Every structure is written in structure tokens, then in C-alpha cells.
Amino acid sequence: MFSKLLTISSLLSLALPLVRGVQIPVTVGGVGIIQYTPSSVTANVGDVVVFTFQQKNHTVTQSSFQSPCVQAPGGFDSGFVPVAANNTAGPFPTAQFTVQDTNPVWVFCRQTGHCQQGMVFAINPGNQFAAFQAAATGGSTTSAPAATATAPSGVQTVTATVTVSGSVPVTTTYGSFPGSAAPTSVMSTDHRIVVGGTGVIAFTPANITAQVGDTITFEFRQKNHTVTQSSFAEPCISLTKTSTSGQIAFDSGFMPVADNITNFPTFTIQVNDTAPIWAYCRQATHCGQGMVFAANAVESGSNTFEAFQAKAKALNGTSSSTPSKSAATSWREARYPDAGVALVVFGVVVGLWV
């Protein structure tokens with residue numbers, strides 16, 4: 001329907017129709033907010049919807065009614081727009097979309113887990129927005145799941161029927177934990193994290209939301225990095241050394257990758273609960289430079305990802321430079337259930353790197 005969404009920060013308008021309309025403001029995210037405000041609008045041809053991005057890291061991405069959390073072929077996409085938590089006064093980056101007809105336009109945020117938590121938006125949805133949001137929270141994913149997980153204990157199966165364009169009824173089934181604020185997907189999703197790269201000392205993305213049964217695959221790029229579990233209190237020290245309950249940290253071991261390599265090694269963990277997962281790279285000063293990772297960090301409060309990263313930089317990576325265990329030992333220990341996450345795939349053949 002529409003192939004482009006305006007640019008970020010400095011607005012680049014789409015070709016305007018002959019009818020000049022009004023500007024309709026929509027706020028994207030905010031401190032502790034995972035939603036568009038308002039979540040739907042009614043607009044006329046020529047109206048301009050102005051998206052203002054606030055705290056955290058969100059997108060404005062066009063989808064379809066049938067697949068709320070998947071970008072529509074040729075659909076517009078703002079790309080990720082990070083806004084620091086301490087930026088409370090602006091200026092905030094913006095994006096704009098010019099309405100060219102009165103057909104519904106369906107939108108979602110493709111930040112991990114946000115669409116499934118109901119972060120969707122619509123222009124001219126009529127009376128279909130509630131069904132669109134229900135389909136989003138019913139287990140659709142932004143990428144194909146790596147595997148189907150067995151439903152966790154206590155999950156209830158819920159079936160809902162929605163009517164899509166053309167009055168075609170569609171039945172969707174999803175799993176929900178009793179008492180949860182929103183439906184929880186039973187399907188597992190593999191979250192891909194890029195580690196390092198040419199001139200890059202970072203995990204990308206560095207902060208995600210993952211559900212029980214999901215996997216997190218770390219793909220190692222150029223240079224030599226690790227992914228090592230730590231704690232919020234000690235960002236740059238292995239959890240094995242700091243745990244008071246005998247937890248064994250997962251640790252990929254060092255993964256040297258030459259500049260000309262195209263087949264990248266991987267290391268995968270599985271999420272067993274919703275507790276935050278903290279990790280870092282124990283290569284020399286990398287943790288002290290902010291090379292840390294988190295899954296399921298709180299959005300607001302004292303233990304946010306930003307606070308974790310700031311603490312790593314403040315400690316300057318002290319006591320994090322020397323590996324205490326071999327990759328093979330870490331692989332075995334990561335299987336212990338007390339670690340909170342279990343290793344699923346260790347995508348490196350022992351002895352590959354010399």
C-alpha cells in the first residue's frame with residue numbers, strides 16, 4: 001500500500017497528495033511504556049501522522065492485519081530509534097507518515113517482544129483494532145521460530161476467532177500463564193545477537209526481552225570475544241566467582257574470528273525463567289568499555305540495562321581479563337539447572353581455532 005516511511009530526526013516528507021491535511025501526533029514508547037499513544041487514530045487523506053520517539057528503542061513498522069508482528073512486503077519501516085533514558089526533555093527524534101487513502105494501515109514495534117506485548121498501532125482501523133492487538137499478543141513472531149517448545153507447566157490454551165478484511169473468520173490459538181497481564185506465547189523464538197565485528201566492541205542488540213523457552217544465539221564476528229554470565233552487582237566478573245548460591249555461569253570461551261571469515265561461530269543458551277540475564281565480554285578492557293548484554297532487564301527502576309552498563313564502565317572491567325575455565329568446561333557447567341539458563345548449542349568445534 002505504502003512503500004516508504006519518512007526519515008528520522010530531520011523529516012523528509014513523502015510526496016504529498018493534493019489535499020493538505022492536519023498533523024496527528026503519536027508518541028512512541030516512553031519511560032516504562034511499551035505502546036503507541038494513542039494506539040489508533042482516524043485520519044483523512046492528506047493528514048500527516050507524526051511519530052515522536054521517546055525513551056528506549058522502538059520502531060514504527062508496517063504490518064498486516066493477518067500478521068501483526070511481521071513486516072508487510074514493501075511496508076515502511078523507521079528502523080530502530082534509540083532514545084536514552086536520561087533524555088526527558090528532548091529534543092526527541094520524529095518520523096512522519098502521510099495518509100494517501102482511507103484504507104487501514106497496521107503498524108507494530110519490532111523490538112524483541114514488544115509487539116507480542118501489544119505494542120501495535122493503526123490508522124483508520126474501524127472497529128478492528130481490538131482484534132488486531134489480540135492477534136499480536138496471541139503469539140505471532142517477528143521471525144521464524146528456531147523450534148517449537150513444549151508448553152511450560154501451568155500454561156492454559158486459549159482460542160480466539162477474529163474477522164479479517166473481507167469478513168473471513170480466522171481462528172488463532174495461543175498459550176497464556178494464569179494470572180499474567182498479557183498472553184504468553186508457547187512458541188519458542190531464537191533471538192540472534194551479533195558479538196563484535198570489524199571495529200565494533202558491543203553486543204547487537206545489547207538489551208532484549210525473551211520468554212520462557214526462547215533461545216538466545218550469540219554469533220561471533222571479527223576479533224576475539226566471549227559471552228560470559230555475570231550479575232548486576234558485578235558486571236565484569238563471572239557469576240561462578242560471585243554467586244552465593246553456587247550458580248555456575250555460562251561462558252562461551254574466547255572465539256577468535258579472522259577478518260576474512262564468513263562462517264561465524266555461535267553459542268546458544270535457553271531461557272528457563274523470566275529473571276534478568278546479565279553477561280559481558282571478558283576480553284581485556286571490553287567490559288569496561290561497555291560491552292555488556294542483558295535479557296529481561298527491567299524497563300525502569302535501579303536495575304535497568306543502562307544502569308548495568310554504567311556500572312561496568314565505572315568499574316572499568318576490573319578482574320575480568322583472564323579466563324578462569326576452558327570453553328569445554330564452561331559448556332558442561334552451563335548445563336546445570338541452577339544457572340537459570342541452559343546451554344543448547346555450542347556452535348564451535350573444539351580445536352577449530354589455533
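This short talk walks through the disulfides, the salt bridges and one sheet of a predicted model.

Hi everyone, thanks for coming. Please keep in mind throughout that we are looking at a prediction.

Let's start with the cysteines. How many disulfides does a search of the whole structure find? There are two. As a quick reminder, a disulfide is a covalent bond between the sulfur atoms of two cysteines.

One of them is formed by C69 and C115, with the sulfur atoms 2.0 Å apart. The torsion about that S-S bond is about -80°, so the disulfide is left-handed. Now look at where the two ends sit. C69 is in the loop between β6 and β7, while C115 is in the loop between β9 and β10, and the two cysteines are 46 residues apart. Both C69 and C115 are buried.

The other disulfide joins C236 to C287, with an S to S distance of 1.9 Å. C236 is in the loop between β18 and α2, and C287 is in the loop between β21 and β22, so this bond ties together parts that are 51 residues apart in sequence. Here too the torsion, for C236 and C287, is about -80°, so we have a left-handed disulfide. C236 counts as buried at 2% relative accessibility, and C287 counts as buried at 0%.

If you number the bonded cysteines in sequence order, the pairing reads 1-2, 3-4. What about C109? That cysteine is in no disulfide, and the nearest cysteine sulfur, that of C115, is 8.3 Å away. C109 is buried, with a relative accessible area of 0%. Then there is C281: why is it not bonded to C287? The sulfur of C287 is the closest cysteine sulfur to that of C281, but at 8.3 Å it is too far for a bond. C281 is also buried, at 0% relative accessibility.

On to the charged side chains. The whole structure has six salt bridges, and I'd like to show you a few. In one of them, E306 and K56 meet at 2.9 Å, N to O. E306 belongs to helix α3 and K56 to strand β5, so the contact ties together parts that are 250 residues apart in sequence. Is each partner buried or exposed? E306 is partly exposed, at 30% relative accessibility, whereas K56 is buried, at 12%.

Next, find E219. Its side chain meets that of R192 in a salt bridge at 3.1 Å, N to O. That links strand β13, which holds R192, with strand β16, which holds E219, 27 residues apart. E219 also forms a salt bridge with R221, at 2.7 Å, N to O. E219 is buried, with a relative accessible area of 11%. Its two arginine partners are partly exposed: R192 has a relative accessible area of 44%, and R221 has 26%. Which residues belong to the network here? Through shared partners, salt bridges join D190, R192, E219 and R221 into one network.

Last stop, a sheet. Four strands form an open sheet in the order β2-β1-β4-β8, and the pairing is mixed. β2 and β8 are the edge strands, each pairing on one side only. Inside the sheet, β1 and β4 pair in the parallel sense over six bridges. If you want a residue to click on, try I24, whose bridge partner in β4 is V49.

That's my tour, and I'm happy to take questions.

Methods:
Residues numbered from 1 in each chain as written. Predicted model: local features only at pLDDT ≥ 70, side-chain atom pairs only at ≥ 80, totals over all residues. Heavy atoms only, no water. Salt bridge = Lys/Arg side-chain N within 4 Å of Asp/Glu carboxyl O. Buried < 20%, exposed > 50% of the residue type's maximum accessible area, 1.4 Å probe, protein only. Pairing = 2+ DSSP bridges. Disulfide = S-S within 2.5 Å.
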